[in-house]
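Hi everyone, thanks for coming. Let me put the structure up, and then I'll walk you through some spots in it.

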Amino acid sequence: MTTKTSGAFQFQHVVVFLLAVTSLLLTTTTTAAGEKRCHSDDKAALQGISAALGNYLASEMDIPCCEWFSVDCDPSTGRVVSFSIMDDANLTGTIPDAIAGLAHLQELVVHKLPAISGPIPPAIGKLSNLSLLIISWTAFSGLIPSFLGELTQLTFLDLSFNSLTGSIPASLAAISNLSGINLSRNRLTGAIPPLLFSESPREAYLWLSHNNLTGDIPPEFAAVGFSEIDLSRNALTGDASALFGQGKPVHQIDMDLSRNGFSFNLSGVELPAQLSGMDLSHNAIYGGIPAQVANLSNLVLFNVSYNRLCGEVPTGGNMGRFDAYSYQHNKCLCGAPLANPCQ
């Protein structure tokens, strides 16, 4: 295949990233942890959460909480470090303030709970040890709170597939450990904060697709080592060439900038050697396709259709992987695999 839909692109790559994060971050409950009784503060917090959500944990209350399926504990202290609520269409309500009682929590996952609603509660801002926060596929609405910027240990933030509105808070740029952000499939507006990932020393992962974001790509993004970036289906404009260039400190780069209003000369862009996927379709990009693209041995997704490109489609190398669909509806592209030969 030469193309993927934006949703499939995002889904497959988010899953890969989350598996990597989980393998590094999740604490496995050991026998020693199972033997510890639930700390009284953690038990009180879990009871409060259960009560606020219709006593959905009532059947487990007689078991030490470190043995619960939805809980992981630190093997040395027995304190709750990971808590998840997932895949239950019958749960209603919102995340209660009792969540703040899990003072040692490092990972919180709230996923596929379509009847859980309300704003993101301030209590989450008190979880100072949080490194992974996922609130996705819920009915949460309102603004992305600026207090999330106070979670200085956060490495991955996923607030995708909700009904969040407003702008992306600039406070997220202050989190030096943050290397992954997924805010796709919301109703966000405004510009991308220019200093996002400016403090992160690692590879960066950014998914902002299917929102209503506007403005240009921040020039500061030229210094960020994006391993994956999906800005598709927004109203972004201007020059996106800062995202390209050699010398990126990453092993693989997947990029989806499709269905925006980007306008820049592709002829002068130096494509990263690590590029494995690039979808620039449905923009106003002009110039020609760089001949270098034929030498990108890792490139498996390439789509520049519905732009204003001209000139001959490069040949040789890996170009046989891509059919006419990758180039259709441009101003004056020519040559195989297009039907119109170059004059």
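First, a bit of vocabulary: helices (H or I, at least four residues) and strands (E, at least two) are DSSP runs, numbered from the N terminus. Residues are numbered from 1 along each chain as its sequence is written. What you're looking at is a predicted model, where local features need pLDDT of at least 70, side-chain atom pairs count only at pLDDT 80 or more, and totals for chains, interfaces and linings use all residues, while side-chain values use heavy atoms, with hydrogens and water left out.

Okay, let's start with N162. Its place is the loop between β5 (156-158) and β6 (163-166). Is N162 buried or exposed? N162 counts as buried because its relative accessible area is 7%; the cut-offs are under 20% for buried, over 50% for exposed, and partly exposed in between, using a 1.4 Å probe and protein chains only.

The N162 side chain has polar partners too. A polar contact is a pair of N or O atoms within 3.5 Å; within protein, one must be able to donate a hydrogen and the other to accept it, and residues adjacent in sequence count only if both atoms are side-chain atoms. A polar atom of the N162 side chain sits 2.7 Å from the backbone oxygen of I135, and the side chain also reaches the backbone oxygen of L159 at 2.8 Å.

Next stop, S227, which you'll find in strand β11. S227 is buried, because its relative accessibility is 6%. What does its side chain touch through polar atoms? One partner is the side chain of E203, at 3.5 Å, and the backbone oxygen of Q252 is 2.9 Å from a polar atom of the S227 side chain. If contact means heavy atoms within 4.5 Å, and we skip neighbours within four places in sequence, S227 also has A204, Y205 and V250 among its contacts.

Now for the holes. On a 1 Å grid over the protein atoms alone, a cavity is a set of points where a 1.4 Å probe fits but cannot get out, and lining residues have an atom within 4 Å of a point. Grid points are joined across faces, edges and corners, and a volume is the space filled by probe spheres set on the points. How many cavities of 30 Å³ or more does the search find? It finds 2 in the whole structure.

The largest cavity has a volume of about 50 Å³, and its lining includes V224, F226 and K248. β11 (226-230) and β13 (253-256) each give at least two residues to that lining. The second largest cavity holds about 30 Å³, with L53, T94 and I116 among the residues lining it. Strand β3 (residues 107-118) gives the most there, with 3 residues.

Staying in β3, we meet K112. Its phi is near 55°, a positive value in a residue other than glycine. H329 has a positive phi as well, near 60°, and H329 lies in the loop between β18 and β19. Why point these out? Most residues other than glycine have a negative phi, and most peptide bonds are trans.

On that last point, a cis peptide bond joins A336 and P337, with omega about 10°. P337 is in the segment after β19. That's my tour, so over to you for questions.

Technical notes: 1 Å grid on protein atoms, 1.4 Å probe; cavity = no way out; pocket = protein on both sides within 12 Å on 5 of 7 lines; lining within 4 Å.
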